[in-house]
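These are my notebook entries on what I looked up, kept in the order in which I went through the model.

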Amino acid sequence: MNFPRVSPKREDLPHVVILGGGFAGLYAAKHLYKKPVRVTMVDRHNHHLFQPLLYQVATATLSPSEIAAPLRAILGPHNISVLLAEVTGVDTAGKRVLLADGELTYDYLVIATGATHSYFGKDEWAQFAPGLKSIEDAVEIRRRILMAFELAERETDPVARRALLNFVIIGGGPTGVELAGSLAEISRNSLPGDFQNIDPREARIILIEGVKNVLPVYPEDLSVKAQRTLEKLGVEVRTGARVTNIDETGVFIGEEHIPARTVLWAAGVAASPVARTLGVELDRAGRVLVTPELTVPGHEDIFVAGDLASVKGDDGKPVPGLAPAAMQMGKQAAHNILFRLMGKPMKPFKYWDRGSYAVIGRGHAVGIAFRRFKQSGLPAWAAWLVIHITFLIGFRSRLAVLLDWAYSYLTFGKSARIITGPTPRLGPSAARPALGDGGTRVEVGAAAHAPEARPEPAVPATH
């Protein structure tokens, strides 16, 4: 796109505000570099996060810094302003973004605030079953997983120990499958030999899915292959099962109770609440029903991209909430803003589906390339690896992830097995083994201690 070579003052340029520093927001900003606009990005976090690899932080394969990069470092050299702020809504009539501590005016707005967890009206379950959408979520899940093994090492009551070594994952989509496979590898291959009183291989990993197959968005034959691979890894897959309650003791499926101290949520997502402030029609998940050009109906100066946008592809099916789709939407939103500035008609969004993959474990994955080529096993895993390395931001992150993956693949080791947060405590009924002089283990009587602290999770990010 060619513009007249003029040098207006920066403050006189049209102001494009981008909400959210995820894939859609980042790619919108990237395609506005060196164009005659003034760009401001707003996010409540100071970093761009590579969400597809969050589960590897949660299961101690990668460190947070390897899948995140500071937004200022990415965008600052391109003369794009970055504001660390929380968006509370949008005033479409006044062309203002409302912040928790102020406001921001815009000429064009790109909303890419993504999605958060959905507990289907049971928000009280969040404290017992954290979801996985942010670095904070991943670190908390890693803490709960590793702490369960540490507490089981000290627990003398076999019933309480069994509950500590039960891990329940709710939701058999890609996130749930990836968590289950990685957790199986930790317990079967990484942790044995690290403990004296327990065998981590006895951990029971249960994946619960409400419909008849895991990975329900994939063809049935790939879903069946994924389930068989999980079962070979030692995962107990429960399909067609509906969770009716979650509390501090575990999970209920109807009248059946599964005792578990570690429950993870991968069952549903809901659109960012920013969408509700636009005053336009939303779909059942709270996403904005955008025009083919990705604008908000009735507001050609407001674009919505990424997980917050509900748009259909050429095949009439909804565009999936995947990183490649978000990137393409961000790019198209930027181009349509530039078309408007040039007085040209905007172009409709066309999704190019290059494929999607779900990794199940070391050397195992399933996927579809270009909507038609089914893959499974090692070829799918290799394709998944190449795609994810390609999409990572920055050479340092790519190199660090490659090295960690190579180490993990060759040794089954997990290099990020760090527990943060409160010191673990056993329940009040547990007897405590203590160490005497010289390291000899001495059994001591039961002592009254408070149960393990389970802090409320942070308020889910809206962007």
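**Entry 1, two helices.** I began with helix 6 of this predicted model, and I found that helix 6 is mostly covered, since 13 of its 17 residues are buried. I then checked the length of helix 6, which runs over residues 174-190: at 1.5 Å a residue the expected span is 24 Å, and the end C-alpha atoms are 22 Å apart, which agrees. Within helix 6 I picked out A180, which counts as buried because its relative accessibility is 0%, a value under the 20% cut-off. I also noted that the C-alpha atoms of A180 and I169 are 6.9 Å apart in space, while the two residues are 11 apart in sequence.

I repeated the check on helix 4, residues 135-154, where 20 residues should span 28 Å and the end C-alpha atoms are 29 Å apart, so the expectation and the model agree. Helix 4 is mostly covered too, with 17 of its 20 residues buried.

**Entry 2, a buried charge.** What does the side chain of D43 reach, given that D43 is buried yet has no salt bridge? I placed D43 in strand 2, residues 38-43, and saw that the nearest side chain of opposite charge, R44, is 6.5 Å away, whereas a salt bridge needs a distance within 4 Å. Instead I found the side chain of D43 at 2.6 Å from the backbone nitrogen of G21, and a polar atom of that side chain at 2.7 Å from the backbone nitrogen of H45.

**Entry 3, positive phi angles.** Most residues other than glycine have a negative phi, and I therefore wrote down two residues with a positive value. K34 has a phi of about 60° although it is not a glycine, and K34 sits in the loop between helix 1 (23-30) and strand 2. A60, also not a glycine, has a positive phi of about 70°, and A60 lies in the loop between helix 2 (54-58) and strand 4 (68-70). Are these residues buried or exposed? K34 counts as exposed at 84% relative accessibility, whereas A60 is buried at 0%.

**Entry 4, salt bridges.** I counted 11 salt bridges and looked at several of them. The side chains of D221 and K374 meet at 3.2 Å, N to O, and this pair links distant parts of the chain, with D221 in helix 7 (residues 220-232) and K374 in strand 25, 153 residues apart. Both partners are partly exposed, D221 with a relative accessible area of 36% and K374 with 47%.

R238 forms a salt bridge with E236 at 3.7 Å, and E236 is partly exposed at 27%. R238 also meets E256, at 2.7 Å; E256 lies in strand 16 (residues 256-259) and R238 in strand 13 (residues 235-239), so this pair ties together parts that are 18 residues apart in sequence. E256 is partly exposed, with 34% relative accessibility. I noted that salt bridges with shared partners join R204, E236, R238 and E256 into one network.

**Entry 5, a nonpolar patch.** Last, I looked at the surface, where W352, F370 and F373 form a nonpolar patch with about 360 Å² of accessible area together. F373 belongs to strand 25, residues 373-376, and I recorded F373 as partly exposed because its relative accessible area is 49%, a value that falls between the cut-offs of 20% and 50%.

Note on methods:
Residues numbered from 1 in each chain as written. Predicted model: local features only at pLDDT ≥ 70, side-chain atom pairs only at ≥ 80, totals over all residues. Heavy atoms only, no water. Helix = DSSP H or I, 4+ residues; strand = E, 2+ residues; numbered from the N terminus. Buried < 20%, exposed > 50% of the residue type's maximum accessible area, 1.4 Å probe, protein only. Lys, Arg positive; Asp, Glu negative; His and termini not counted. Polar contact = N/O pair within 3.5 Å; in protein donor to acceptor, adjacent residues only side chain to side chain. Patch = residues over 30% accessible without salt bridge, like charges linked within 9 Å, V, L, I, M, F, W, Y side chains within 5 Å. Areas by Shrake-Rupley, 256 points an atom, 1.4 Å probe, with all protein chains shown as cover. Expected span 1.5 Å × (residues − 1).
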